[in-house]
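Colleague: Before we discuss anything, could you put the sequence and the model in front of us, so that I can follow each answer along the chain?

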Amino acid sequence: MESFEVTKRHDGDVVVLNIKGYLDAHTAPRLENEIQSLVDESRYNIVVNFSDLIYISSAGLGVFMGFIENIRDNSGDIKLTNMNPKIYRVFDLLGFPTLYDILEDEGEAIKKFSLNQ
Amino acid sequence: MSSKKTQYQLKIPGQTDNLELIRLFVAAVADKVGFAADDVSKIELAVDEACANVIKHAYLKETKQPIDVVIEIDFKKLAIIITDHGKGFDVKKISKQDVKDYIAEMRVGGLGIYLMKALMDEVEFNSQPGVKTQVKMVKYFLKNGELKLAEEK
């Protein structure tokens with residue numbers, strides 16, 4: 001069966017979530033729970049690395065929409081990195097690149113957080 | 001020119017853990033009939049969005065009711081008809097949705113229909129509340145394919 005996995009690691013004040021597999025209406029609640037637990041711990045500097053993500057539907061994009069306002073209100077951000085062209089196209093179709101910080105590389109995203117502090 | 005249609009059908013319980021099977025079915029048929037990988041992934045995502053909407057909005061996550069996915073292939077197009085027997089909705093309201101409002105307001109949900117329209121060549125809703133609701137989505141094999149094939153006559 002296809003699957004979805006989230007793994008979490010810390011880089012200073014930044015939390016990096018690696019997402020892997022298929023992110024759809026069935027698996028999106030797992031990512032939602034993971035980000036909710038970060039918000040509950042007042043961790044607002046979040047990088048999501050998409051390098052191992054194969055598939056995303058709007059349910060996956062909805063997860064980021066659900067948190068971004070609260071996180072930015074707390075001086076944080078969700079930065080999205082390492083998307084393959086197929087995944088990026090879905091974000092692009094919905095106009096996300098103008099509203100979200102989508103970067104080529106995870107390291108670049110972590111550096112941007114440290115520059116802002 | 002032959003008007004013969006080939007039909008493929010999947011009837012499956014409307015629950016989110018079946019979205020994967022629905023995608024596999026649709027992608028396999030689209031690939032088999034000759035769509036390029038890029039179009040296969042567009043068709044797969046459009047159908048996922050349609051079925052996820054049925055599960056969430058028509059069936060309100062009540063999992064016992066089926067979703068019927070029919071794919072019809074003819075010489076110029078692939079048509080997918082997704083039928084549910086959920087609560088239905090006012091089709092006129094759908095056509096007035098503007099994705100910019102959703103994005104600007106960071107509102108969760110409501111993006112699926114916009115994606116379906118962006119990914120497919122035609123999307124049409126037909127809802128008879130309490131009876132059935134259908135969404136029909138079409139992808140042509142070629143842009144202007146009708147004209148090019150007509151010239152072959």
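**One strand and its neighbours**

Colleague: Are A:Asp77, A:Lys79 and A:Thr81 on one side of β4(A), and A:Ile78 and A:Leu80 on the other, buried or exposed?
Modeller: This is a predicted model, in which local features need pLDDT of at least 70 and side-chain atom pairs count only at pLDDT 80 or more, while totals for chains, interfaces and linings use all residues. Residues are numbered from 1 along each chain as its sequence is written, chains are lettered from A and ligands numbered from 1 in the order in which they are written, and side-chain values use heavy atoms, leaving out hydrogens and water. Strand β4 of chain A covers residues 77-81, where strands (E, at least two residues) and helices (H or I, at least four) are DSSP runs numbered from the N terminus. With buried meaning under 20% relative accessible area, exposed over 50% and partly exposed in between (1.4 Å probe, protein chains only), the residues on both faces of β4(A) are all buried.

Colleague: Which residue of β4(A) stands opposite A:Asn49?
Modeller: Strands pair if DSSP finds at least two bridges between them, and β3(A), residues 45-56, pairs with β4(A) in the parallel sense over five bridges. Opposite A:Asn49 stands A:Thr81.

Colleague: Which residue in β5(A) stands opposite A:Thr81?
Modeller: β4(A) runs parallel to β5(A), residues 101-103, and three bridges join them. In β5(A), the residue opposite A:Thr81 is A:Leu103.

Colleague: In what order do the five strands of chain A form the open sheet?
Modeller: The pairing in this sheet is mixed. Its edge strands, each pairing on one side only, are β1 (4-11) and β5 of chain A. The order is β1-β2-β3-β4-β5.

Colleague: Which helix makes a β-α-β unit with β4(A) and β5(A)?
Modeller: The unit is right-handed, a term used if, with the strands pointing away from the viewer, the path from the first strand over the helix to the second runs clockwise. The helix, residues 85-93 of chain A, is α3(A).

Colleague: At roughly what angle do the axes of α3(A) and α2(B) cross?
Modeller: Axes are lines fitted to C-alpha atoms, for helices over the stretch in contact (heavy atoms within 4.5 Å), and angles run from 0 to 180 degrees between N-to-C directions. The axes of α3(A) and α2(B), residues 37-58 of chain B, come within 12 Å. They cross at roughly 50°.
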